[in-house]
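Student: I should like to go through the descriptive terms applied to this structure and ask what justifies each of them.

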Amino acid sequence: MSPAGPSMHGGYRHSAAYDVVFFIALLSTAIALGGALAHLFELPNKIYLRREEYFVVQQAYRGWDRLAYVLLVELVSMIAVVIMSRRERFVFWPAVFAVLFLLAAQAVFWTYTFPANVATRNWTMIPDDWVVLRMRWEYSHAVGAAFQLLAMSSLIIAVLARARTAVPRHTTR
């Protein structure tokens, strides 16, 4: 029996590399989810601020573009989990859905959020249509947060399925 292959009990023994990749996927997704939920939870308090107040508050997000590195780690580690779990369908499919939810969050960001950032020069310039841009920015972040939450939920489901199919390394009879 291979250390990472099926056992006579129908489960799988998982390698340390698989453990590390799963841990990185979970941790990076949790970090990304934290930022996404911050945007979601602040929405009710910001959505109707006056123009001057809103543009001042938006400056709190300077430097958040560095979260792109976390998103890259999240995507790569999720894809690695998908590849490493290809023979365990109860782990594989939730991991695939996690990747799809992350990609959906990114599609929303690049379609709605990023253009608002560009149009306002990262909220340092006030265009005439700033109210429309604010709505797009705020609600696109809310949708992105929902997709990130679904990605994290899918990964958790994958971990739970993985735990159910794992075979203890040392068994006593």
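Tutor: Let us begin with sequence separation. In this predicted model, residues 24 or more positions apart account for 78% of the contacts in the chain with a separation of 6 or more. M84 and Y18 give an example of residues far apart in sequence: they are separated by 66 residues, with 6.8 Å between their C-alpha atoms.

Student: Which residues does M84 touch, leaving aside its neighbours within four places in sequence?

Tutor: M84 is in contact with S15, A17, Y18 and V21. M84 itself is found in helix α3.

Student: Why is M84 called partly exposed?

Tutor: The relative accessible area of M84 is 32%. Buried means under 20% and exposed means over 50%, so M84, at 32%, is partly exposed. For the chain as a whole, buried residues make up 39% of the 173 residues.

Student: What secondary structure does the chain have?

Tutor: The chain has five helices and zero strands, and from the N terminus on its elements run α-α-α-α-α.

Student: What makes α3 roughly antiparallel to α4?

Tutor: Helix α3 (residues 67-84) packs against helix α4 (residues 89-119) at an angle of about 155°, and their axes are 9 Å apart. Angles over 145 degrees count as roughly antiparallel, and α3 is therefore roughly antiparallel to α4. The crossing in which α3 passes α4 is left-handed.

Student: Which residues make the contact of α3 with α4?

Tutor: On α3 they are L71, E74, L75, M78, I79, V81 and V82. On α4 they are F92, A95, V96, A98, V99, L102, L103 and Q106. By class, this contact has 13 nonpolar, one polar and one charged residues.

Student: How do you know that α4 and α5 are roughly antiparallel to each other?

Tutor: The axes of α4 and α5 cross at roughly 165° and come within 8 Å. The cut-off for roughly antiparallel is an angle over 145 degrees, so α4 and α5 qualify. Their crossing is left-handed, and by class their contact has 24 nonpolar, seven polar and two charged residues.

Student: Why is α2 called oblique to α5?

Tutor: Helix α2 (residues 51-58) and α5 pack at about 40°, with their axes 12 Å apart. Roughly parallel requires an angle under 35 degrees, and roughly perpendicular requires 65 to 115. An angle of about 40° fits neither class, so α2 is oblique to α5. α2 passes α5 in a left-handed crossing.

Student: Which residues of α2 and α5 meet?

Tutor: R51, Y54, F55 and Q58 in α2 meet W130, R134, W137 and E138 in α5. By class, this contact has four nonpolar, one polar and three charged residues.

Student: What makes a set of residues a nonpolar core?

Tutor: The members must be buried nonpolar residues joined through side-chain atoms within 4.5 Å. The largest such core here has 19 residues, and those with the most contacts inside it are F22, A25, M78, V81, V82, V91 and L155. The elements that give two or more residues to this core are α1 (16-46), α3, α4 and α5 (130-165). The largest share, eight residues, comes from α4.

Student: Which residues does L155 touch, not counting those up to four places away in sequence?

Tutor: L155 touches F22, A25, L26, T29, M78 and A98. Apart from the largest core lies another, of eight residues, including Y54, Y61, W130 and L133.

Student: What makes the phi values of R121 and W123 worth noting?

Tutor: Most residues other than glycine have a negative phi. R121 has a positive phi, near 50°, and W123 has a positive phi of about 65°. R121 lies in the loop between α4 and α5, and W123 lies in the loop between α4 and α5.

Student: How do you know whether R121 and W123 are buried or exposed?

Tutor: R121 has a relative accessible area of 57%. The cut-off for exposed is over 50%, so R121 is exposed. For W123 the relative accessible area is 3%. Buried means under 20%, and W123 is therefore buried.

Technical notes. Residues numbered from 1 in each chain as written. Predicted model: local features only at pLDDT ≥ 70, side-chain atom pairs only at ≥ 80, totals over all residues. Heavy atoms only, no water. Axes fitted to C-alpha atoms, helices over the stretch in contact; angles between N-to-C directions. Helix = DSSP H or I, 4+ residues; strand = E, 2+ residues; numbered from the N terminus. Left-handed = near helix turned anticlockwise from the far one by under 90°. Contact = heavy atoms within 4.5 Å. Nonpolar A, V, L, I, M, F, W, Y, C, P; charged D, E, K, R; others polar. Buried < 20%, exposed > 50% of the residue type's maximum accessible area, 1.4 Å probe, protein only.
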